[in-house]
Amino acid sequence: MLAWKSCQNDFAHDIVRFRSSGSCDNNINMEQQENKDAVVYCRVSTDEQAERGLSMDVQAKDCRAKLEAEGYTVLEVLRDDGKTGSNMRRDGLQKLLALAEAGAIQAVCSVHSDRISRSMVDSAYIREKLQKLSVRILYVNQQESDGSSASFVTDNVLAVMSQYHLVVTSEKVKATQRAKVEAGYLPSVPPVGYLNADNPDKNADRLSRKIIITDPERAPLISETFRLYATGNYNVVDLCDLMYKKGLMNRNGKQMSYSRFYDLLKNRFYLGEIHYANYVNKNAKHEPLVDEAVFNHVQTILQTKNNHACRKRKHQFLLRGFVYCPIHRKRYTAEWHLGKTKAYYHCPNRSGCGKYSEMTALEGAIADKFKDLQFSDEFIQAVIKKVSSEFYEQRRIYNGRKQSLINKRTAFEKQLAIAEDKLLNNVLDDAAFKGIRARVRENIENINQQIHDLENTHDLNIDVASEVMAFTQDIYKTYDEADPELKRHLLGFFWERFEVHEGVIINSTPTLIFQELLKLERIYTKNARKNQNAKNRSKRSDFSATSPEVINKIPLLRGQDSNL
Ligand SMILES: [Zn+2]
């Protein structure tokens, strides 16, 4: 008994060692029924950290109270500070699993399932593992994960939505960046020679509030750099040194590295173009610092001096990785034919395999699969509830953060007013006053930028919320209108793979999550529902088969496939 007590207070490692010695295995099994030891699990990501500095402690306090109310002893508070929930590389989480495996805990409490994981696959894995080890999972703001079908559905919905939320947010960020590029602005800090500034036109739209102006000190030096290099009399290293002597420096006031300088000479931004991520605008709003003839001449010289091959991005085929040949079990490849007017997907097998599938036809057939999908009303309601509660939480944070920035700005404005008074009372000389004013202005500008970013994020949040709701209500429309990137996400959300032969989809393998949603009837296929009464019951029991091998063999949407 004494021996057990002492190991009970240590952690996973010691208990594993203790158990393997075999001296009190019986004790452990006997005692386990009565032990009520638990840990608290908290996590904040880097993004959230800035906004909710206190939330780690708040999380810990709430969880501790919940566990104690349930009669548990809290052994430890596991904290993952500044860690994303989208993977499992977290010390706190690993320790939680180790403790569970060692039989050291009987429960874990977290404020919400999304603290433990934001990835659907990971969260299913963690949930299953803890349940197998008889570790209860309690949440402060959510129903307990007790393995019952009701909590399973809740977990599932939340896991799916957390993941979808992450995906859509990143898509939205990209969309905003693209809109900015299309409007002629760079969505980030401009290269040397330019500066960010507020648009003097106060009625400018959201995308045009920040503009890019030429840096009066460095812009002429950039133009000169191109002019000098175009003479062919300089190499990159010498010119970089020379321009530094003339005053061309990076933002830290230091000499640019040679590789940076080399990149500068290739940067089409100086031509008045924007190339950002995959977005291009050849007619941007900022003033060019070099004309096209000089720029092109510079490129020719660079190319003859260095043999840098310019690799072009390959065309991304939408269905790449999703379409398989059922005979050769190989992934289809795709290529353009007839001078790039038509593209085909086909089996890569050497001896040939059926006919090629024309790209648009096959992509259309697969898009049609989305037409048949519909979420249940119950699921839609759950999503709306989840999305709005997340949005309200985000708005609370937004309001708080914005107010604190406004307060900071007011403080700086007061500082400036005091300096003005001192200047007028001759307490401060002109140089000192100008120094203070420049510093204050810089700080205010900085705060304004932060408020601006915050407002953008806020706009994004409501857009994401509305998009998630639109997605649950009309899956096909969302897919149909999505850009290729989001289309691939949505494809991967529902399907593992399609088997295609002679241009016909003969089998489709749903993802695990899609299978679960089907099993739980959170999503249904309209055809399947119509046909269900006509079909015999044995078909239906196939749906609830738990072995993935069995499920994979069921052509879930076969009725529809044969219609294609
Ligand atoms: Zn084949």
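# Exercises around V39, a sheet and two helices

Leaving aside neighbours within four places in sequence, V39 is in contact with V74, L75, E76, L78, L96, L99, I105 and V108. Keep in mind that this is a predicted model. Let's work outwards from that residue.

**Exercise 1.** Find out where V39 sits, and decide: is V39 buried or exposed?

*Solution.* Start with the element: V39 belongs to strand β1. Next, look at the neighbours. There are 26 C-beta neighbours inside 10 Å of V39. A residue is called buried once 20 or more other C-beta atoms lie within 10 Å of its own, so V39 counts as buried. Finally, pick a partner from another part of the chain: Q106 is 67 residues apart from V39 along the chain, yet their C-alpha atoms are separated by 8.7 Å.

**Exercise 2.** Work out the order of the strands in the sheet that holds β1, and say which strands stand at the edges.

*Solution.* Read across the open sheet and you get β2-β1-β3-β4, 4 strands with parallel pairing. Now check the ends of that order. Both β2 (73–81) and β4 (136–139) have a single partner strand, so one side of each lacks a neighbour in the sheet. On average, neighbouring strands here are turned by 20 degrees against each other, direction ignored.

Then zoom in on one pair. Strand β1 covers residues 37–44, runs parallel to β2 and is joined to β2 by 8 bridges. If you'd like a spot to look at, R43 stands opposite D80 in β2.

**Exercise 3.** Which strands does helix α5 lie across, and which does helix α6 touch?

*Solution.* Take α5 (residues 55–69) to begin with. Helix α5 lies across β1, β2, β3 (107–110) and β4, and runs at about 155 degrees to β1. Now move to α6, residues 91–101. Helix α6 packs on the sheet and touches β1, β2 and β3, with its direction making about 145 degrees with that of β2.

**Exercise 4.** Sort out the buried and exposed residues of helix α12 and say how the buried ones are arranged.

*Solution.* First list the buried ones: F261, L264 and L265 in α12, which spans residues 258–266. Looking down the axis of α12, you'd see the buried residues fall within an arc of 95 degrees, so they line one face of the helix. Then turn to the face pointing away from that buried side, where the exposed residues S259 and D263 are carried.

**Exercise 5.** How do α11 and α12 cross, and which residues meet there?

*Solution.* Two packed helices are described by the angle and the distance between their axes. Here, the axes of α11 (residues 236–245) and α12 come within 10 Å and cross at roughly 95 degrees. Angles of 65 to 115 degrees count as roughly perpendicular, so that is the label for α11 and α12. On the α11 side you'll find V236, V237 and C240, which meet Y258, F261 and Y262 in α12. By class, this contact has 6 nonpolar, no polar and no charged residues.

**Exercise 6.** Locate R329 and E502, and give the phi of each.

*Solution.* Recall that most residues other than glycine have a negative phi. R329 is not a glycine, but has a positive phi of about 50 degrees. R329 lies in the loop between β9 (323–325) and β10 (330–331). For E502, phi is near 55 degrees, again a positive value in a residue other than glycine. E502 has its place in the loop between β15 (495–501) and β16 (504–510). As a last step, check exposure: R329 is exposed, with 10 other C-beta atoms within 10 Å, and E502 is exposed, with 10 other C-beta atoms within 10 Å.

How values were computed: Residues are numbered from 1 along each chain as its sequence is written. This is a predicted model: local features need pLDDT of at least 70, side-chain atom pairs count only at pLDDT 80 or more; totals for chains, interfaces and linings use all residues. Two strands pair if DSSP finds at least two bridges between them. Helices (H or I, at least four residues) and strands (E, at least two) are DSSP runs, numbered from the N terminus. Axes are lines fitted to C-alpha atoms, for helices over the stretch in contact, and angles run from 0 to 180 degrees between N-to-C directions. Two residues are in contact if their C-beta atoms, placed from the backbone, lie within 7 Å. A residue is buried if 20 or more other C-beta atoms lie within 10 Å of its own, exposed if 12 or fewer, and partly exposed in between; C-beta atoms are placed from the backbone. The arc is that of the directions from the helix axis to the C-beta atoms. Angles under 35 degrees count as roughly parallel, over 145 as roughly antiparallel, 65 to 115 as roughly perpendicular and the rest as oblique. Ala, Val, Leu, Ile, Met, Phe, Trp, Tyr, Cys and Pro count as nonpolar, Asp, Glu, Lys and Arg as charged, and the others, Gly among them, as polar.
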